[in-house]
Amino acid sequence: MKINWGTGIVIGMTLFISFILFFVIKMSVNTKYSHDLVTEEYYKKEMFYQNEIDAETNTNNLSKAIVGKRTEKGWLLVFPKELDSEEVKGTVFLYRPSNEKLDFNMPFIISNSNLLIPDNKLLFGRWNITIDWEYEEEKYLYKKEIVY
């Protein structure tokens, strides 16, 4: 039996489509690969986005910018001296884009205008730091992507 060029093209396209579908189904069914959303309740979070913008504006209006650097003890964030550590209340959230199991929260406690995130909680790689705090009834928000 002789196969003409039209039949060959159809057979080739069918084999290619089957090849692609095999990998799509394999990736969709396999539990080894996580296909979670980046954030839970995405639309609910979007409703409060203007509050985040206002809080970030308050942070940018501080007398001095918040500076972060790596030290031998961990990641050190230096805040302006104008903040009274007794009146600051908030949380620090560290988000690991590559593995949600490494995400963690910790209380926002500054001493001498410094906040130290301990080395034992951070693995090498990219982290997103989000600090949400309140000072003198004003909300503040600091977001930064770091490579530790």
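**From the overall fold to single residues**

Read from the beginning of its sequence to the end, the chain follows the pattern α-α-α-β-β-β-β-β-β-β, and its secondary structure comes to 3 helices and 7 strands. The model is a predicted one, and what follows should be read with that in mind.

The overall dimensions are a good place to begin. Along its principal axes the C-alpha trace spans about 90 × 35 × 25 Å. A compact globule of 148 residues would have a radius of gyration near 15 Å, whereas this chain has 24 Å. Of the 148 residues, 25% count as buried. Among the contacts in the chain with a separation of 6 or more, 56% are accounted for by residues 24 or more positions apart.

Helix 1 takes in residues 5-29, and its length can be checked by simple reasoning: at 1.5 Å a residue, its 25 residues should span 36 Å, and the C-alpha atoms at its ends are indeed 36 Å apart, so the expected and the modelled spans agree. At the start of this helix, a side-chain oxygen of asparagine 4 comes to within 3.3 Å of the backbone nitrogen of glycine 6.

Further along the chain, arginine 96 lies in the loop between strand 3 (89-95) and strand 4 (104-107). What is the nearest side chain of opposite charge to this buried arginine 96? It is that of aspartate 103, at 7.3 Å, and arginine 96 has no salt bridge; a salt bridge would need a side-chain nitrogen of the arginine within 4 Å of a carboxyl oxygen. The side chain of arginine 96 does, however, reach the backbone oxygen of phenylalanine 124 at 2.9 Å. Leaving aside residues up to four places away in sequence, arginine 96 touches Leu102, Asp103, Leu123, Phe124, Gly125, Arg126 and Trp127.

Two other loop residues deserve attention for their backbone angles. Serine 113, which sits in the loop between strand 4 and strand 5 (114-118), has a positive phi of about 65 degrees although it is not a glycine. Glutamate 136, placed in the loop between strand 6 (126-135) and strand 7 (138-147), likewise has a positive phi in a residue other than glycine, with a value near 50 degrees.

Is each of these two residues buried or exposed? Serine 113 has a relative accessible area of 9% and is therefore buried, the limit for that class being under 20%. Glutamate 136, by contrast, has a relative accessible area of 53% and so counts as exposed, since that class begins over 50%.

Key:
Residues are numbered from 1 along each chain as its sequence is written. This is a predicted model: local features need pLDDT of at least 70, side-chain atom pairs count only at pLDDT 80 or more; totals for chains, interfaces and linings use all residues. Side-chain values use heavy atoms; hydrogens and water are left out. Helices (H or I, at least four residues) and strands (E, at least two) are DSSP runs, numbered from the N terminus. The expected span of a helix is 1.5 Å times one less than its number of residues. A polar contact is a pair of N or O atoms within 3.5 Å; within protein, one must be able to donate a hydrogen and the other to accept it, and residues adjacent in sequence count only if both atoms are side-chain atoms. Buried means under 20% relative accessible area, exposed over 50%, partly exposed in between (1.4 Å probe, protein chains only). Lys and Arg count as positive and Asp and Glu as negative; His and the chain ends are not counted. Contact means heavy atoms within 4.5 Å. The radius of gyration is taken over C-alpha atoms; the globule rule is 2.2 Å times the number of residues to the power 0.38.
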